[in-house]
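Biologist: I am new to this structure and would be grateful for a close look at one of its parts. Please start with the buried or exposed state of an aromatic side chain, and then go on to what surrounds the other side chains of interest.

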Amino acid sequence: MNGFVRRMQALIHKEFLQLSRDSSSLLLGIVLPIALILIIGYGISLDIRNIPTAVVLEDASPKAQDAVSFVNGSAYFSPTYVTSFREAEQLLLDRDVRVIIDVPPDFTSKLAAGEATLRVVLDGVEAATAMSTQGYIESAVSSWLLRQPGADSGARIALEARMWYNDANSSTWFFLPGLIMIIVTIIGIMLTAIVMAREWERGTFESLFVTPVRPVELVLAKIVPYFCVALLGVFLCLFLSRFLFEVPVAGSLAVLLGLTMVYLMIALGIGLVISTVTKSQFLACQSSMLVSFLPSVVLSGFVFDLRSTPAVVQVIGNVLPFSHYLTCLRSLFLSGTNAGLLLKQGGLLLLYGVFFIGAAFTMTRKKVE
(Lines give C-alpha, C1' and ligand atoms only; values in the text may rest on other atoms or scores of the structure.)
Protein backbone atom coordinates (compact mmCIF):
# COMPACT_ATOMS: atom_id res chain seq x y z
CA MET A 1 0.00 0.00 0.00
CA ASN A 2 2.85 2.40 0.85
CA GLY A 3 4.45 1.63 -2.52
CA PHE A 4 1.20 2.43 -4.32
CA VAL A 5 0.89 5.76 -2.50
CA ARG A 6 4.49 6.74 -3.25
CA ARG A 7 4.12 5.85 -6.93
CA MET A 8 0.85 7.77 -7.21
CA GLN A 9 2.34 10.84 -5.54
CA ALA A 10 5.31 10.78 -7.91
CA LEU A 11 3.16 10.27 -11.01
CA ILE A 12 0.66 12.97 -10.09
CA HIS A 13 3.49 15.39 -9.29
CA LYS A 14 4.99 14.62 -12.72
CA GLU A 15 1.65 15.20 -14.43
CA PHE A 16 1.09 18.57 -12.74
CA LEU A 17 4.63 19.67 -13.68
CA GLN A 18 4.03 18.59 -17.25
CA LEU A 19 0.68 20.37 -17.30
CA SER A 20 2.16 23.60 -15.92
CA ARG A 21 4.71 23.61 -18.76
CA ASP A 22 2.12 22.94 -21.46
CA SER A 23 0.59 26.34 -22.30
CA SER A 24 -1.84 24.86 -24.85
CA SER A 25 -3.42 22.62 -22.22
CA LEU A 26 -3.81 25.52 -19.80
CA LEU A 27 -5.34 27.68 -22.54
CA LEU A 28 -7.82 24.94 -23.39
CA GLY A 29 -8.72 24.41 -19.77
CA ILE A 30 -8.95 28.03 -18.58
CA VAL A 31 -9.19 30.51 -21.48
CA LEU A 32 -11.58 28.44 -23.63
CA PRO A 33 -14.38 28.37 -21.00
CA ILE A 34 -14.25 32.17 -20.64
CA ALA A 35 -14.24 32.71 -24.42
CA LEU A 36 -17.14 30.31 -25.04
CA ILE A 37 -19.33 31.65 -22.27
CA LEU A 38 -18.90 35.22 -23.52
CA ILE A 39 -19.43 34.42 -27.19
CA ILE A 40 -22.41 32.09 -26.80
CA GLY A 41 -23.86 33.97 -23.86
CA TYR A 42 -24.15 37.14 -25.94
CA GLY A 43 -24.66 35.72 -29.42
CA ILE A 44 -27.22 32.90 -29.97
CA SER A 45 -30.99 32.77 -30.55
CA LEU A 46 -33.25 30.23 -32.38
CA ASP A 47 -36.67 28.74 -33.25
CA ILE A 48 -38.38 25.34 -32.71
CA ARG A 49 -41.21 22.95 -33.76
CA ASN A 50 -43.32 20.13 -32.24
CA ILE A 51 -43.63 21.79 -28.83
CA PRO A 52 -44.88 19.30 -26.18
CA THR A 53 -48.04 21.01 -24.92
CA ALA A 54 -50.46 20.21 -22.09
CA VAL A 55 -54.01 21.40 -22.75
CA VAL A 56 -56.23 21.71 -19.65
CA LEU A 57 -59.93 21.69 -20.64
CA GLU A 58 -61.65 22.93 -17.52
CA ASP A 59 -64.42 24.02 -19.89
CA ALA A 60 -65.18 21.01 -22.08
CA SER A 61 -67.76 22.73 -24.29
CA PRO A 62 -67.43 22.45 -28.10
CA LYS A 63 -66.62 26.16 -28.34
CA ALA A 64 -63.77 25.83 -25.82
CA GLN A 65 -62.39 22.76 -27.57
CA ASP A 66 -62.55 24.57 -30.90
CA ALA A 67 -60.67 27.55 -29.45
CA VAL A 68 -57.61 25.41 -28.72
CA SER A 69 -57.99 23.09 -31.71
CA PHE A 70 -55.06 24.87 -33.39
CA VAL A 71 -52.73 22.53 -31.47
CA ASN A 72 -54.15 19.47 -33.28
CA GLY A 73 -52.20 18.46 -36.37
CA SER A 74 -49.99 21.55 -36.09
CA ALA A 75 -46.31 21.42 -36.95
CA TYR A 76 -45.64 23.61 -33.94
CA PHE A 77 -47.48 21.72 -31.19
CA SER A 78 -47.59 18.15 -29.87
CA PRO A 79 -50.62 18.22 -27.53
CA THR A 80 -51.50 16.17 -24.45
CA TYR A 81 -55.00 16.73 -23.09
CA VAL A 82 -55.48 16.64 -19.30
CA THR A 83 -58.43 17.48 -17.05
CA SER A 84 -56.71 19.34 -14.21
CA PHE A 85 -54.07 22.03 -13.91
CA ARG A 86 -52.27 20.02 -11.21
CA GLU A 87 -51.73 17.17 -13.68
CA ALA A 88 -50.40 19.59 -16.28
CA GLU A 89 -48.10 21.21 -13.73
CA GLN A 90 -46.56 17.83 -12.91
CA LEU A 91 -45.96 17.16 -16.60
CA LEU A 92 -44.19 20.52 -16.85
CA LEU A 93 -42.08 19.80 -13.78
CA ASP A 94 -41.06 16.40 -15.18
CA ARG A 95 -40.06 18.06 -18.49
CA ASP A 96 -42.67 16.04 -20.40
CA VAL A 97 -44.26 19.23 -21.74
CA ARG A 98 -42.94 22.73 -22.38
CA VAL A 99 -46.16 24.76 -22.18
CA ILE A 100 -49.58 24.59 -20.54
CA ILE A 101 -52.70 26.04 -22.18
CA ASP A 102 -55.44 26.29 -19.54
CA VAL A 103 -59.07 26.86 -20.63
CA PRO A 104 -60.92 28.20 -17.53
CA PRO A 105 -64.39 26.88 -16.57
CA ASP A 106 -66.13 30.12 -17.56
CA PHE A 107 -64.46 30.44 -20.96
CA THR A 108 -67.62 29.95 -23.08
CA SER A 109 -69.78 32.31 -21.05
CA LYS A 110 -67.08 34.97 -20.97
CA LEU A 111 -66.58 34.60 -24.73
CA ALA A 112 -70.28 35.21 -25.31
CA ALA A 113 -69.97 38.33 -23.19
CA GLY A 114 -67.00 39.44 -25.33
CA GLU A 115 -64.25 39.04 -22.73
CA ALA A 116 -62.74 35.52 -22.49
CA THR A 117 -59.36 34.53 -21.05
CA LEU A 118 -56.86 31.73 -21.76
CA ARG A 119 -54.04 31.01 -19.31
CA VAL A 120 -50.68 30.08 -20.81
CA VAL A 121 -47.82 28.81 -18.63
CA LEU A 122 -44.43 28.65 -20.36
CA ASP A 123 -41.39 26.62 -19.31
CA GLY A 124 -38.69 29.27 -18.97
CA VAL A 125 -35.95 26.65 -18.61
CA GLU A 126 -35.93 26.76 -22.42
CA ALA A 127 -36.44 30.45 -23.02
CA ALA A 128 -36.14 30.27 -26.80
CA THR A 129 -38.89 27.64 -26.92
CA ALA A 130 -41.05 29.66 -24.51
CA MET A 131 -40.82 32.92 -26.42
CA SER A 132 -41.54 31.26 -29.76
CA THR A 133 -44.42 29.28 -28.26
CA GLN A 134 -46.08 32.40 -26.87
CA GLY A 135 -45.92 34.01 -30.30
CA TYR A 136 -47.43 30.94 -31.97
CA ILE A 137 -50.30 30.77 -29.47
CA GLU A 138 -51.11 34.47 -29.72
CA SER A 139 -51.18 34.25 -33.51
CA ALA A 140 -53.32 31.09 -33.55
CA VAL A 141 -55.87 32.44 -31.04
CA SER A 142 -56.20 35.70 -32.95
CA SER A 143 -56.75 33.82 -36.22
CA TRP A 144 -59.41 31.59 -34.62
CA LEU A 145 -61.24 34.59 -33.17
CA LEU A 146 -61.36 36.33 -36.54
CA ARG A 147 -63.02 33.26 -38.08
CA GLN A 148 -65.89 33.27 -35.58
CA PRO A 149 -69.36 34.64 -36.41
CA GLY A 150 -69.65 38.19 -35.14
CA ALA A 151 -65.89 38.72 -35.22
CA ASP A 152 -66.47 42.42 -35.84
CA SER A 153 -68.53 42.85 -32.67
CA GLY A 154 -65.47 43.53 -30.50
CA ALA A 155 -65.22 40.13 -28.77
CA ARG A 156 -61.70 39.24 -27.75
CA ILE A 157 -59.64 36.61 -25.93
CA ALA A 158 -57.00 37.81 -23.50
CA LEU A 159 -53.92 35.64 -23.00
CA GLU A 160 -52.52 35.56 -19.49
CA ALA A 161 -48.97 34.35 -20.16
CA ARG A 162 -46.62 33.46 -17.32
CA MET A 163 -43.00 32.35 -17.59
CA TRP A 164 -41.97 29.71 -15.05
CA TYR A 165 -38.36 28.94 -14.06
CA ASN A 166 -36.91 31.89 -16.02
CA ASP A 167 -37.98 35.16 -14.44
CA ALA A 168 -35.77 37.22 -16.71
CA ASN A 169 -37.32 35.66 -19.87
CA SER A 170 -33.78 35.43 -21.24
CA SER A 171 -32.41 32.99 -23.80
CA THR A 172 -29.02 33.43 -22.10
CA TRP A 173 -30.39 31.57 -19.07
CA PHE A 174 -31.30 28.76 -21.45
CA PHE A 175 -27.90 28.55 -23.15
CA LEU A 176 -25.45 28.86 -20.28
CA PRO A 177 -26.22 25.51 -18.57
CA GLY A 178 -25.68 23.84 -21.93
CA LEU A 179 -22.46 25.73 -22.38
CA ILE A 180 -21.13 24.28 -19.14
CA MET A 181 -21.93 20.81 -20.51
CA ILE A 182 -20.00 21.54 -23.71
CA ILE A 183 -16.99 22.95 -21.84
CA VAL A 184 -16.76 19.93 -19.54
CA THR A 185 -17.08 17.64 -22.56
CA ILE A 186 -14.41 19.40 -24.61
CA ILE A 187 -11.91 19.70 -21.77
CA GLY A 188 -12.46 16.17 -20.53
CA ILE A 189 -12.36 14.40 -23.88
CA MET A 190 -10.11 16.50 -26.13
CA LEU A 191 -7.48 17.50 -23.58
CA THR A 192 -7.06 14.00 -22.18
CA ALA A 193 -7.09 12.28 -25.58
CA ILE A 194 -4.53 14.60 -27.17
CA VAL A 195 -2.12 14.69 -24.22
CA MET A 196 -2.21 10.91 -23.77
CA ALA A 197 -1.74 10.33 -27.52
CA ARG A 198 1.24 12.70 -27.46
CA GLU A 199 2.90 10.54 -24.82
CA TRP A 200 2.25 7.40 -26.86
CA GLU A 201 3.88 9.10 -29.87
CA ARG A 202 6.92 10.28 -27.92
CA GLY A 203 7.45 6.96 -26.20
CA THR A 204 7.00 8.37 -22.70
CA PHE A 205 4.79 5.47 -21.73
CA GLU A 206 7.39 2.95 -22.83
CA SER A 207 9.91 4.52 -20.44
CA LEU A 208 7.40 4.13 -17.61
CA PHE A 209 6.73 0.50 -18.49
CA VAL A 210 10.20 -0.51 -17.20
CA THR A 211 9.31 0.86 -13.76
CA PRO A 212 7.12 -0.83 -11.11
CA VAL A 213 4.26 1.52 -12.08
CA ARG A 214 1.04 -0.35 -12.87
CA PRO A 215 -1.41 0.51 -15.70
CA VAL A 216 -4.13 1.48 -13.21
CA GLU A 217 -1.72 3.92 -11.57
CA LEU A 218 -0.85 5.43 -14.95
CA VAL A 219 -4.52 5.99 -15.74
CA LEU A 220 -5.30 7.46 -12.31
CA ALA A 221 -2.30 9.78 -12.53
CA LYS A 222 -3.56 11.06 -15.89
CA ILE A 223 -7.09 11.59 -14.61
CA VAL A 224 -6.24 13.68 -11.52
CA PRO A 225 -4.63 16.81 -13.09
CA TYR A 226 -7.12 17.10 -15.95
CA PHE A 227 -9.98 16.51 -13.57
CA CYS A 228 -8.72 19.52 -11.60
CA VAL A 229 -8.31 21.67 -14.74
CA ALA A 230 -11.81 20.83 -15.97
CA LEU A 231 -13.27 21.49 -12.53
CA LEU A 232 -11.57 24.88 -12.55
CA GLY A 233 -13.26 25.58 -15.89
CA VAL A 234 -16.62 24.65 -14.37
CA PHE A 235 -16.08 27.03 -11.43
CA LEU A 236 -15.20 29.82 -13.86
CA CYS A 237 -18.40 29.16 -15.81
CA LEU A 238 -20.49 29.12 -12.62
CA PHE A 239 -18.91 32.37 -11.46
CA LEU A 240 -19.47 34.15 -14.80
CA SER A 241 -23.00 32.74 -15.13
CA ARG A 242 -23.99 33.98 -11.70
CA PHE A 243 -22.26 37.37 -11.55
CA LEU A 244 -22.03 38.40 -15.21
CA PHE A 245 -25.30 37.03 -16.64
CA GLU A 246 -27.15 36.74 -13.29
CA VAL A 247 -28.32 33.17 -13.99
CA PRO A 248 -29.73 31.68 -10.76
CA VAL A 249 -29.03 28.26 -9.33
CA ALA A 250 -32.52 27.27 -8.21
CA GLY A 251 -31.50 23.76 -7.13
CA SER A 252 -28.80 22.35 -4.89
CA LEU A 253 -25.28 23.53 -5.71
CA ALA A 254 -23.85 20.42 -4.04
CA VAL A 255 -25.92 18.16 -6.29
CA LEU A 256 -24.89 20.19 -9.33
CA LEU A 257 -21.19 19.81 -8.50
CA GLY A 258 -21.61 16.11 -7.70
CA LEU A 259 -23.28 15.36 -11.03
CA THR A 260 -20.66 17.48 -12.81
CA MET A 261 -17.89 15.39 -11.26
CA VAL A 262 -19.62 12.19 -12.39
CA TYR A 263 -20.01 13.56 -15.91
CA LEU A 264 -16.41 14.72 -15.92
CA MET A 265 -15.31 11.14 -15.20
CA ILE A 266 -17.31 10.07 -18.27
CA ALA A 267 -15.55 12.66 -20.44
CA LEU A 268 -12.11 11.71 -19.10
CA GLY A 269 -12.84 8.04 -19.66
CA ILE A 270 -13.86 8.68 -23.28
CA GLY A 271 -10.68 10.70 -23.84
CA LEU A 272 -8.50 7.93 -22.40
CA VAL A 273 -10.20 5.32 -24.57
CA ILE A 274 -9.66 7.46 -27.71
CA SER A 275 -5.98 7.98 -26.93
CA THR A 276 -5.43 4.28 -26.26
CA VAL A 277 -7.09 3.29 -29.53
CA THR A 278 -5.48 5.93 -31.79
CA LYS A 279 -2.05 6.56 -30.14
CA SER A 280 -1.65 9.48 -32.56
CA GLN A 281 -2.16 13.17 -31.77
CA PHE A 282 -3.71 13.89 -35.17
CA LEU A 283 -6.16 10.99 -35.00
CA ALA A 284 -6.91 11.70 -31.35
CA CYS A 285 -7.69 15.34 -32.15
CA GLN A 286 -10.00 14.45 -35.04
CA SER A 287 -11.68 11.63 -33.14
CA SER A 288 -12.24 13.66 -30.00
CA MET A 289 -13.74 16.50 -32.05
CA LEU A 290 -16.19 14.10 -33.69
CA VAL A 291 -17.04 12.41 -30.39
CA SER A 292 -17.20 15.49 -28.14
CA PHE A 293 -17.96 18.82 -29.74
CA LEU A 294 -20.32 17.91 -32.56
CA PRO A 295 -22.58 15.44 -30.67
CA SER A 296 -22.65 17.61 -27.52
CA VAL A 297 -23.88 20.58 -29.56
CA VAL A 298 -26.16 18.88 -32.08
CA LEU A 299 -27.44 15.75 -30.30
CA SER A 300 -27.84 16.92 -26.70
CA GLY A 301 -30.71 19.38 -26.96
CA PHE A 302 -28.34 22.31 -26.43
CA VAL A 303 -29.33 24.21 -29.58
CA PHE A 304 -32.86 22.84 -30.09
CA ASP A 305 -35.33 20.49 -28.44
CA LEU A 306 -34.59 16.90 -29.50
CA ARG A 307 -38.33 16.30 -29.80
CA SER A 308 -38.26 18.53 -32.87
CA THR A 309 -35.89 16.11 -34.63
CA PRO A 310 -36.51 12.81 -36.50
CA ALA A 311 -36.99 9.68 -34.39
CA VAL A 312 -33.55 8.28 -35.31
CA VAL A 313 -31.82 11.44 -34.11
CA GLN A 314 -33.83 11.36 -30.87
CA VAL A 315 -32.75 7.77 -30.20
CA ILE A 316 -29.08 8.57 -30.83
CA GLY A 317 -29.26 11.69 -28.66
CA ASN A 318 -30.85 9.77 -25.77
CA VAL A 319 -28.24 7.00 -25.97
CA LEU A 320 -25.37 9.47 -25.57
CA PRO A 321 -24.59 10.84 -22.08
CA PHE A 322 -24.61 14.51 -23.15
CA SER A 323 -28.40 14.94 -23.16
CA HIS A 324 -28.79 13.37 -19.70
CA TYR A 325 -26.26 15.72 -18.10
CA LEU A 326 -27.82 18.72 -19.87
CA THR A 327 -31.26 17.79 -18.50
CA CYS A 328 -29.81 17.74 -14.97
CA LEU A 329 -28.07 21.10 -15.42
CA ARG A 330 -31.16 22.91 -16.70
CA SER A 331 -33.27 21.48 -13.92
CA LEU A 332 -30.78 22.50 -11.21
CA PHE A 333 -30.11 25.95 -12.63
CA LEU A 334 -33.65 27.04 -13.39
CA SER A 335 -36.41 24.81 -12.03
CA GLY A 336 -34.93 23.40 -8.81
CA THR A 337 -33.94 20.03 -7.34
CA ASN A 338 -36.40 17.59 -8.90
CA ALA A 339 -35.38 14.43 -7.03
CA GLY A 340 -37.12 11.96 -9.35
CA LEU A 341 -35.63 13.47 -12.49
CA LEU A 342 -32.13 13.84 -11.03
CA LEU A 343 -32.04 10.30 -9.62
CA LYS A 344 -32.99 8.85 -12.98
CA GLN A 345 -30.58 10.95 -15.05
CA GLY A 346 -27.81 10.79 -12.42
CA GLY A 347 -28.08 6.99 -12.26
CA LEU A 348 -27.60 6.79 -16.03
CA LEU A 349 -24.57 9.10 -15.83
CA LEU A 350 -23.05 6.93 -13.11
CA LEU A 351 -23.42 3.84 -15.31
CA TYR A 352 -21.76 5.66 -18.21
CA GLY A 353 -18.90 6.71 -15.92
CA VAL A 354 -18.28 3.17 -14.67
CA PHE A 355 -18.34 1.87 -18.23
CA PHE A 356 -15.89 4.37 -19.77
CA ILE A 357 -13.43 4.47 -16.86
CA GLY A 358 -13.51 0.66 -16.74
CA ALA A 359 -12.84 0.55 -20.47
CA ALA A 360 -9.87 2.91 -20.06
CA PHE A 361 -8.38 0.72 -17.33
CA THR A 362 -8.93 -2.43 -19.39
CA MET A 363 -7.47 -1.05 -22.63
CA THR A 364 -4.30 0.44 -21.08
CA ARG A 365 -1.74 -2.34 -21.27
CA LYS A 366 1.79 -2.23 -19.89
CA LYS A 367 3.53 -3.43 -23.00
CA VAL A 368 5.32 -2.11 -26.06
CA GLU A 369 3.59 -2.81 -29.37
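Modeller: Phe356 counts as buried, because its relative accessibility is 19% and the cut-off for buried is under 20%. Phe355, in contrast, counts as exposed at 55% relative accessibility. These values come from a predicted model.

The two residues belong to a wider set of ring contacts, since the structure holds five aromatic pairs. One of them joins Phe239 and Phe243, whose ring centres are 5.0 Å apart; with 45 degrees between the planes, this pair is tilted. Both residues lie in helix 9 (residues 215-243), and because they are four residues apart there, about one helical turn separates them. Phe239 is partly exposed, at 49% relative accessibility, while Phe243 reaches 61% and counts as exposed. The pair of Phe355 and Phe356 has another geometry: the ring centres are 5.1 Å apart and the planes stand at 75 degrees, so this pair is edge-to-face. Aromatic rings also come together in a cluster, which is formed by Phe70, Phe77 and Tyr136.

A further ring, that of Phe85, has a charged neighbour. The charged end of Arg119 sits over the Phe85 ring, at 4.7 Å from the ring centre. Arg119 is partly exposed, with a relative accessible area of 27%, and it has a second partner in Asp102. The side chains of Arg119 and Asp102 meet in a salt bridge, with a distance of 2.5 Å from N to O. Because Asp102 belongs to strand 3 and Arg119 to strand 4, this salt bridge ties together parts that are 17 residues apart in sequence. Side chains of opposite charge can pair when their charged atoms come close. Asp102 itself is buried, at 1% relative accessibility.

The backbone brings the two residues together as well: Asp102 stands opposite Arg119 in strand 4. Strand 4 covers residues 115-123, and strand 3 pairs with it in the antiparallel sense over four bridges. Strand 3 has another partner in strand 1 (residues 51-57); those two run parallel and are joined by five bridges. Within this second pairing, Ala54 stands opposite Ile100 of strand 3.

How many of the residues of strand 3 (residues 99-103) are buried? The count is five of five, so strand 3 is largely enclosed by the rest of the structure. In a regular strand the side chains alternate between the two faces of the sheet. Strand 3 is covered on both faces, with Val99, Ile101 and Val103 buried on one side and Ile100 and Asp102 buried on the other. Asp102 therefore combines a buried position, at 1% relative accessibility, with the salt bridge to Arg119.

Strand 4 also contains Leu118. Leu118 is buried, with a relative accessible area of 1%. Its C-alpha is 9.9 Å from that of Ala64, although the two residues are 54 residues apart in sequence.

The count of salt bridges comes to two. Besides the bridge between Asp102 and Arg119, there is one in which the side chains of Asp106 and Lys110 meet at 3.2 Å, N to O. Asp106 is partly exposed, with a relative accessible area of 32%, and Lys110 is likewise partly exposed, at 38%.

Two further places complete the account. The first is a nonpolar patch on the surface, formed by Met289, Leu290, Val291, Phe293 and Leu294, which together have about 390 Å² of accessible area. Val291 lies in helix 11 (residues 281-298). Its relative accessible area of 33% makes Val291 partly exposed; residues need over 30% to join such a patch. The second is Thr211, in the loop between helix 8 (204-209) and helix 9. Thr211 is partly exposed, with a relative accessible area of 27%. Thr211 and Arg7 are 204 residues apart in sequence, yet their C-alpha atoms are 9.9 Å apart in space.

Notes:
Residues are numbered from 1 along each chain as its sequence is written. This is a predicted model: local features need pLDDT of at least 70, side-chain atom pairs count only at pLDDT 80 or more; totals for chains, interfaces and linings use all residues. Side-chain values use heavy atoms; hydrogens and water are left out. Patches are made of residues with over 30% relative accessible area and no salt bridge: like charges are joined within 9 Å, nonpolar side chains (Val, Leu, Ile, Met, Phe, Trp, Tyr) within 5 Å. Accessible areas come from the Shrake-Rupley method with a 1.4 Å probe; for residues, only the protein chains shown count as cover. A salt bridge is a side-chain nitrogen of Lys or Arg within 4 Å of a carboxyl oxygen of Asp or Glu. Buried means under 20% relative accessible area, exposed over 50%, partly exposed in between (1.4 Å probe, protein chains only). Two strands pair if DSSP finds at least two bridges between them. Rings of Phe, Tyr and Trp (its six-membered ring) pair if their centres lie within 6.5 Å; planes under 30 degrees apart count as stacked, over 60 as edge-to-face and the rest as tilted. A charge sits over a ring if NZ of Lys or CZ of Arg is within 6 Å of the ring centre and within 35 degrees of the ring normal.
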